[in-house]
Amino acid sequence: MAMTKADISKRIHTELEFTKNKSIDCVETLLKIIKRTLASGEDVLVSGFGKFRVNSKGERRGRNPATAGDMMLRSRRVVTFKCSGKLRKKING
């Protein structure tokens, strides 16, 4: 099961002994900063954790699965994540 924002704020509340509201505010503020930074096109690097990067995908031809017809997919920006070597080692033991 995935960890939710509520789970993260609960852990902050317990481990750092913050109030529940302060824990929720910390998580919300952190996520707001990350979203704003990525929306501006900048990368977010968290040492020892990984890097969030905004990549541009060009227009490309795709297929509509409902009709099996060809269609053009518009260009867009996507967020990718690459974990750090430290995190990779910790995950893989």
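These exercises walk through a few local features of a predicted model.

**Exercise 1. The open sheet**

Task: State the order in which the three strands of the open sheet are arranged, and find its edge strands.

Solution:
- Step 1. Read the order: the three strands run β1-β2-β5.
- Step 2. Note the sense: the pairing is antiparallel.
- Step 3. Look for strands that pair on one side only; these are β1 and β5 (76–83), the edge strands.
- Step 4. Add the twist: on average, neighbouring strands in this sheet are turned by 25 degrees against each other, direction ignored.

**Exercise 2. From β1 to β2**

Task: Determine how many bridges join β1 and β2, and which residue stands opposite Val 46.

Solution:
- Step 1. Count the bridges: β1 and β2 pair over three, in the antiparallel sense.
- Step 2. Go to Val 46; Gly 50 in β2 stands opposite.
- Step 3. Look at the link: Phe 49 sits in the loop between β1 (44–46) and β2 (50–57).

**Exercise 3. A nonpolar patch**

Task: Name the residues of the nonpolar surface patch, then classify Phe 49 as buried, partly exposed or exposed.

Solution:
- Step 1. List the members: Val 46, Phe 49 and Phe 81 make the patch.
- Step 2. Give its area, about 240 Å².
- Step 3. Take the relative accessibility of Phe 49, which is 37%.
- Step 4. Apply the limits: buried is under 20% and exposed is over 50%. Phe 49 has 37%, so Phe 49 counts as partly exposed.

**Exercise 4. Met 71 and its contacts**

Task: Locate Met 71, classify its exposure and list its contacts beyond four places in sequence.

Solution:
- Step 1. Find the element: Met 71 belongs to strand β4 (residues 70–73).
- Step 2. Classify: Met 71 is partly exposed because its relative accessibility is 35%.
- Step 3. Set aside neighbours within four places in sequence. Met 71 then contacts Arg 60, Arg 61, Gly 62, Arg 63 and Asn 64.
- Step 4. Check Val 27: 44 residues separate it from Met 71 in sequence, and the C-alpha atoms are 40 Å apart in space.

**Exercise 5. Positive phi**

Task: For Glu 17 and Ala 68, give phi, the loop and the exposure class.

Solution:
- Step 1. Start with Glu 17. Its phi is near 55 degrees, positive in a residue other than glycine.
- Step 2. Place Glu 17 in the loop between α1 (5–15) and α2 (20–39).
- Step 3. Glu 17 has a relative accessible area of 71%, so Glu 17 is exposed.
- Step 4. Turn to Ala 68. Its phi is about 65 degrees, also positive, and Ala 68 is not a glycine.
- Step 5. Place Ala 68 in the loop between β3 (60–63) and β4.
- Step 6. Ala 68 has a relative accessible area of 46%, so Ala 68 is partly exposed.

Definitions and conventions: Residues are numbered from 1 along each chain as its sequence is written. This is a predicted model: local features need pLDDT of at least 70, side-chain atom pairs count only at pLDDT 80 or more; totals for chains, interfaces and linings use all residues. Side-chain values use heavy atoms; hydrogens and water are left out. Helices (H or I, at least four residues) and strands (E, at least two) are DSSP runs, numbered from the N terminus. Buried means under 20% relative accessible area, exposed over 50%, partly exposed in between (1.4 Å probe, protein chains only). Contact means heavy atoms within 4.5 Å. Patches are made of residues with over 30% relative accessible area and no salt bridge: like charges are joined within 9 Å, nonpolar side chains (Val, Leu, Ile, Met, Phe, Trp, Tyr) within 5 Å. Accessible areas come from the Shrake-Rupley method with a 1.4 Å probe; for residues, only the protein chains shown count as cover. A salt bridge is a side-chain nitrogen of Lys or Arg within 4 Å of a carboxyl oxygen of Asp or Glu. Two strands pair if DSSP finds at least two bridges between them. Axes are lines fitted to C-alpha atoms, for helices over the stretch in contact, and angles run from 0 to 180 degrees between N-to-C directions.
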